[in-house]
Amino acid sequence: MPLDPDTRDQLIETVARFVDERLIPRESEVADSDAMPSDVVQEMREMGLFGLSIPEEYGGLGLSTEEEVLVMLETSRAAPAFRSYFATNVGIGSQGIAIDGTPEQRAKYLPRLATGELIGSFALTEPDVGSDASNVKTTARREGDVYVLNGTKRYITNAPHAGLFTVMARTDPETRGARGVSAFAVEAGVPGLSLGKPERKMGQQGAHVCDVVFDNCQVPADAVIGGIEGQGFKTAMKVLDKGRLSIAAACTGLGDRILGDMVAYAVERRQFGQAIAEFQLLQGMFADSKADIEAARALVLDAARRRDAGENVSMAAACAKMFASEMVGRVADRNVQVHGGAGYIKDYQAEQLFRDARLYRIYEGTTQIQQTIIARQLVSEAREKLGL
Ligand code: COS
């Protein structure tokens with residue numbers, strides 16, 4: 001059930017205030033310490049941010065995709081590390097269980113994911129498998145009442161904080177490709193599961209990624225998400241369709257923020273006896289950025305509404321993610337340019353946001369993967385139309 005418009009507007013207004021008053025002022029502290037302050041996490045929990053997408057019956061806010069996108073547009077005006085902390089639970093950290101989990105799995109995990117008591121992580125990527133996701137090498141061998149997992153997952157967002165992993169592993173070594181892959185709900189702390197050292201990253205300090213290593217790690221047989229082997233790749237793809245909309249919204253929200261910073265700097269900074277905002281060459285950058293951002297907003301909202309209407313949005317989500325992540329890269333780059341020398345100096349936010357934004361073109365499917373998904377669907381539709 002969508003929220004009534006007043007409640008929805010109130011929620012968005014509360015989130016916007018939280019972003020302006022509580023998150024943006026703490027950005028430098030988070031970037032410098034590479035840590036998320038516990039009082040900020042507590043406030044996120046109290047606002048229900050960890051459970052935006054989780055159904056109300058499991059303690060979440062049960063937002064529609066469109067409502068979730070509207071909230072993400074606001075939260076993403078703050079540095080991406082904040083969004084990363086809770087939005088992984090809203091998206092890829094919980095959605096495997098929310099979309100395909102058994103009633104028991106949903107009842108067991110969703111309430112604690114919704115409050116943020118449990119942090120969820122999505123473990124698909126491996127040292128040799130990232131874009132080629134159906135080729136996962138991690139194995140899950142059935143032995144009586146348990147599966148035994150072996151393999152390494154790489155660059156797993158929030159893994160250092162996670163209490164629960166959605167792990168894609170090959171249950172059928174004979175079957176190559178997608179059909180041999182199953183998804184597992186694996187709790188942190190089980191024997192045989194260990195974590196690598198958090199990686200040192202280009203940006204998004206305060207958000208953490210590391211390896212997750214399975215060495216004869218035993219998980220109960222009922223940890224298979226949905227209870228059926230061989231469905232794990234499809235679960236991962238459904239999760240990513242939704243995740244990509246969330247990333248597209250995040251890029252759009254960050255674009256809004258960066259454009260605001262860009263113009264604010266330009267109206268104050270003076271050269272040649274006037275504010276640099278008066279120069280048409282810079283005005284061109286403002287206008288191009290605004291049009292870019294509005295195009296991304298329109299794409300992501302349209303895709304979200306179509307998902308809510310029950311349409312298959314794989315291609316629409318790929319278009320939105322590709323366009324919005326490339327867009328925020330352009331906007332972040334123009335912001336550095338408008339700041340001139342100051343854009344390259346740490347004391348100003350421009351260089352941090354430029355580095356932070358770079359990740360959006362890579363994770364949850366690179367731009368090249370989104371192109372592949374879009375083009376494959378177009379070709380397949382054309383073939384179908386022509387009966388080929
Ligand atoms: N939703 C539901 N099912 C889907 C799906 C989707 N979005 N996409 C594919 N499937 C299904 C297919 O219908 C097919 O089912 P059948 O076997 O019943 O026919 C099965 O899954 C295999 O699909 P496909 O043959 O398209 O698999 P590919 O290996 O060719 O997939 C892409 C290629 C590029 C689409 C996939 O590997 C991908 O998305 N890679 C990127 C992964 C990624 O984003 N990694 C980043 C790290 S994760 S944070």
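A polar contact, as I use the term today, is a pair of N or O atoms within 3.5 Å. Keep that in mind for the ligand. One caution before we start: this is a predicted model.

Let's begin at the ligand. A nitrogen atom of the ligand sits 2.9 Å from an N or O atom in the side chain of Asp241. That is inside the 3.5 Å limit, so the pair counts as a polar contact. Next, Lys234. An N or O atom of the Lys234 side chain is 2.7 Å from an oxygen atom of the ligand. Then Ser134. Here a polar side-chain atom lies 2.8 Å from a ligand oxygen.

How many residues surround the ligand? The count is 21. Ser131, Ser134, Lys234, Asp241 and Arg376 are the closest.

Now the helices. Two of those ligand neighbours, Lys234 and Asp241, take us to helix H8, which covers residues 232–268. What does H8 pack against?

Take helix H9, residues 280–308. The axes of H8 and H9 come within 9 Å and cross at roughly 155°. Angles over 145 degrees count as roughly antiparallel, and therefore H8 and H9 are roughly antiparallel to each other. Their crossing is left-handed. On the H8 side, the contact residues include Leu245, Ala249, Leu259 and Val263. On the H9 side, they include Phe286, Ile293, Val300 and Ala304. Charged residues take part too, among them Lys242 and Asp256 in H8, and Arg297 and Arg307 in H9. By class, this contact has 13 nonpolar, 3 polar and 5 charged residues.

H8 has another partner, helix H11, residues 349–358. Their axes are 11 Å apart, at an angle of about 160°. So H8 is roughly antiparallel to H11 as well. Again the crossing is left-handed. From H8 come Leu254, Arg257, Ile258 and Asp261. From H11 come Gln349, Leu353 and Ala357. The split is 4 nonpolar, 1 polar and 2 charged.

Last pair. Which way does H9 run against helix H10, parallel or antiparallel? H10 covers residues 314–339. H9 and H10 pack at about 160°, with axes 9 Å apart. That makes H9 roughly antiparallel to H10. H9 passes H10 in a left-handed crossing. Their contact has 17 nonpolar, 2 polar and 5 charged residues.

To recap. At the ligand, look at Ser134, Lys234 and Asp241. Among the helices, follow H8 to H9, H8 to H11, and H9 to H10.

Definitions and conventions
Residues numbered from 1 in each chain as written. Predicted model: local features only at pLDDT ≥ 70, side-chain atom pairs only at ≥ 80, totals over all residues. Heavy atoms only, no water. Axes fitted to C-alpha atoms, helices over the stretch in contact; angles between N-to-C directions. Helix = DSSP H or I, 4+ residues; strand = E, 2+ residues; numbered from the N terminus. Parallel < 35°, antiparallel > 145°, perpendicular 65-115°, else oblique. Left-handed = near helix turned anticlockwise from the far one by under 90°. Contact = heavy atoms within 4.5 Å. Nonpolar A, V, L, I, M, F, W, Y, C, P; charged D, E, K, R; others polar. Near = heavy atom within 4 Å. Polar contact = N/O pair within 3.5 Å; in protein donor to acceptor, adjacent residues only side chain to side chain.
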